[in-house]
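Here are my notes for your reading of this entry, set out as numbered points. Please keep the sequence and the structure open beside them as you go.

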Amino acid sequence: MRFLHDQIPDHDLTYDDVFMVPRHSAIASRYDVDLATSDGTGATLPLVVANMTAIAGKRMAETVARRGGIVVIPQDIPIPVVAKVIADVKTRHLVFDTPIELTRHQTVAEALSLIPKRSHRAAVVVDQGRPVGVVSEADCADVDRFAQVEHVMNPRPVLISADTDPRDAFDAIDQSRSALAVAVHADGTLAGVLTRTGALRATLYTPAVDESGGLRVAAAVGVNGDVAQRAAALLAAGADCLVVDTAHGHQDRMVDALRAVRSLDPRVPVAAGNVVSAEGTRALVEAGADIVKVGVGPGAMCTTRMMTGVGRPQFSAVLECAAAARDLGKHVWADGGVRHPRDVALALAAGASSVMVGSWFAGTHESPGDLLTDSKGRSYKVSFGMASARAVANRTLTESAYDRARKGLYEEGISSSRMYLDRDRPGVEDLIDHICSGVRSAATYAGATTLAELHERAVVGVQSAAGYQEGRPLATSW
Ligand SMILES: NC(=O)C1=CN([C@@H]2O[C@H](COP(=O)(O)OP(=O)(O)OC[C@H]3O[C@@H](n4cnc5c(N)ncnc54)[C@H](OP(=O)(O)O)[C@@H]3O)[C@@H](O)[C@H]2O)C=CC1
Ligand SMILES: Nc1nc2c(ncn2[C@@H]2O[C@H](COP(=O)(O)O)[C@@H](O)[C@H]2O)c(=O)[nH]1
Ligand SMILES: [K+]
């Protein structure tokens with residue numbers, strides 16, 4: 001990447017401060033752009049979901065990996081739970097979505113409480129492993145909440161064979177005018193569900209899979225406690241990437257933690273952070289990191305900059321750290337502060353191998369929280385920062401009251417924030433489509449067919465606030 005007119009700015013910049021200049025392109029189609037990463041994680045998209053408990057759970061992990069990204073299960077989750085999540089994610093189908101399963105006699109109330117966990121807004125009614133109907137939210141409208149689902153379900157859903165080609169499945173669903181098809185194995189048992197958009201996505205994305213064909217998932221470890229023990233347990237559970245994570249990554253404790261992880265000879269990439277300087281990047285790489293996580297203070301739930309004045313505008317931080325990592329043959333993830341597809345494109349242009357997204361994905365059906373509705377009828381989920389009082393209280397549950405009180409004094413995150421679901425993009429896959437469209441398009445504007453070429457060819461200029469404002473769409477007239 002180079003700056004427009006080779007003018008190196010004399011102050012640090014964040015995403016809103018910069019723009020990319022279009023260049024000559026020989027690329028005929030945006031579908032010619034390959035978004036695969038080169039950082040060893042096996043991700044076919046440059047997206048990592050941040051290790052935040054309000055965001056990164058089993059459902060998120062399955063859904064994002066099926067499209068090629070990777071989710072980091074947070075360090076606050078007990079090992080047996082992480083092991084179960086990893087095992088479950090690895091058994092998920094690469095094409096079909098995992099539906100909510102109900103038995104015939106479950107109630108409409110139960111169906112309505114579970115259906116919002118799925119973007120496809122339906123549940124499959126199963127009898128002895130075989131689908132016997134599909135119940136959607138619409139089927140439950142104006143029905144007695146104690147009614148049994150077998151009386152409201154559609155008993156004749158579109159059925160497809162588990163080996164149907166996604167392209168054919170698309171046509172079958174399209175022609176049936178149904179919201180989704182139910183996929184069955186040869187013996188009639190349930191394999192999963194597929195919407196029309198799901199079938200389309202199955203033809204466009206490549207799942208992130210391990211050598212055995214299971215979906216990939218990463219897991220985090222903090223710098224406190226027995227780091228080697230937790231890291232060993234995560235590796236034994238099948239984690240495909242380890243993320244060693246703390247607020248201030250450029251500290252001795254982190255170096256010790258990384259050395260402990262390295263001593264286990266992990267055969268998976270090790271990411272570590274967070275830092276915002278070349279010096280910090282080099283220190284973590286020297287201690288054993290393959291990928292350095294960059295970002296102090298840009299996160300949406302993060303109050304670090306307001307509490308401490310510490311941090312660095314994210315675009316400059318990524319640019320400097322990516323250059324330092326590249327010199328050592330390593331990579332960086334741009335962590336935090338991403339709110340638009342353009343931010344992802346700019347982080348990649350600056351040299352990040354992947355971009356970590358947290359809060360943006362909190363407001364989706366796939367995040368772990370319950371779907372709530374505000375007084376205006378808008379759907380939202382509650383999110384919170386991992387250094388918030390709420391997260392610290394959870395993390396220190398087993399410690400003495402005194403230690404908890406001491407630790408509770410340090411708070412660098414928001415404890416409760418409403419993340420509204422985007423009406424047009426309520427599922428994480430809708431947001432992934434949105435981001436990938438933006439990034440693919442950005443690459444062709446730069447004349448690039450790969451992320452490496454995007455970084456190589458990007459020409460970035462600095463803009464005023466008015467320049468940024470000019471780029472925003474207008475919902476109503478002037
Ligand atoms: N990217 C970012 O800007 C930030 C991210 N976070 C996220 O919050 C989560 C919790 O991280 P964290 O608060 O590090 O918790 P950890 O549980 O990992 O604890 C951090 C350890 O480092 C010590 N420490 C020393 N200096 C600092 C410092 N300036 N800030 C924090 N700890 C320090 C703490 O000791 P003692 O408590 O005794 O001081 C503690 O032992 C992580 O997921 C992290 O990524 C948090 C803040 C900023
Ligand atoms: N200073 C804090 N940073 C936090 C906290 N919780 C998470 N984070 C960081 O934010 C990113 C995600 O950024 P987002 O803008 O996509 O939400 C995450 O990976 C952490 O680095 C916190 O409580 N305080
Ligand atoms: K912030």
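**Notes on the two ligands and one helix pair**

1. A polar backbone atom of Met-386 lies 2.8 Å from a nitrogen atom of ligand 2. Please bear in mind that this is a predicted model, and that the distances given in these points are computed from its atoms.

2. Oxygen atoms of ligand 2 also have backbone partners: a backbone N or O atom of Ala-300 is 2.8 Å from an oxygen atom of ligand 2, and a backbone N or O atom of Gly-337 is 2.9 Å from an oxygen atom of that ligand. How much of the accessible area that ligand 2 has on its own does the protein cover? The share is 89% of 520 Å².

3. Around ligand 2 there are 20 residues, of which Cys-302, Asp-335, Ser-359, Ala-387 and Glu-412 come nearest. Sorted by class, the shell around ligand 2 consists of eight nonpolar, 10 polar and two charged residues.

4. Turning to ligand 1, three side chains deserve a look. The side chain of Thr-246 has an N or O atom 2.6 Å from an oxygen atom of ligand 1, while the side chain of Gln-75 places an N or O atom 3.4 Å from an oxygen atom of ligand 1. The Gln-75 pair falls within the 3.5 Å cut-off used for polar contacts. For Asn-274, the ligand atom is a nitrogen, and an N or O atom of the Asn-274 side chain is 3.2 Å from it. Of the 870 Å² of accessible area that ligand 1 has on its own, the protein covers 69%.

5. Which residues come nearest to ligand 1? Among the 17 residues around ligand 1, they are Asp-245, Thr-246, Ala-247, Gly-295 and Gly-297, and Thr-246 is also the residue whose side chain makes the 2.6 Å approach described above. The shell around ligand 1 divides by class into five nonpolar, nine polar and three charged residues.

6. A last point concerns a helix pair. Two packed helices are described by the angle between their axes and the distance between the axes. For helix H1, residues 58-67, and helix H2, residues 79-90, the axes come within 10 Å and cross at roughly 35°, and the crossing of H1 and H2 is right-handed. On the H1 side the contact involves Lys-58, Ala-61 and Glu-62, which meet Val-85, Asp-88 and Val-89 of H2. By class, this contact of H1 with H2 has three nonpolar and three charged residues, with no polar ones.

Technical notes. Residues are numbered from 1 along each chain as its sequence is written. Chains are lettered from A and ligands numbered from 1 in the order in which they are written. This is a predicted model: local features need pLDDT of at least 70, side-chain atom pairs count only at pLDDT 80 or more; totals for chains, interfaces and linings use all residues. Side-chain values use heavy atoms; hydrogens and water are left out. A residue is near a molecule or strand if one of its heavy atoms lies within 4 Å of it. A polar contact is a pair of N or O atoms within 3.5 Å; within protein, one must be able to donate a hydrogen and the other to accept it, and residues adjacent in sequence count only if both atoms are side-chain atoms. Accessible areas come from the Shrake-Rupley method with a 1.4 Å probe; for residues, only the protein chains shown count as cover. Ala, Val, Leu, Ile, Met, Phe, Trp, Tyr, Cys and Pro count as nonpolar, Asp, Glu, Lys and Arg as charged, and the others, Gly among them, as polar. Axes are lines fitted to C-alpha atoms, for helices over the stretch in contact, and angles run from 0 to 180 degrees between N-to-C directions. Helices (H or I, at least four residues) and strands (E, at least two) are DSSP runs, numbered from the N terminus. A crossing is left-handed if the near helix is turned anticlockwise from the far one by less than a right angle, and right-handed if clockwise. Contact means heavy atoms within 4.5 Å.
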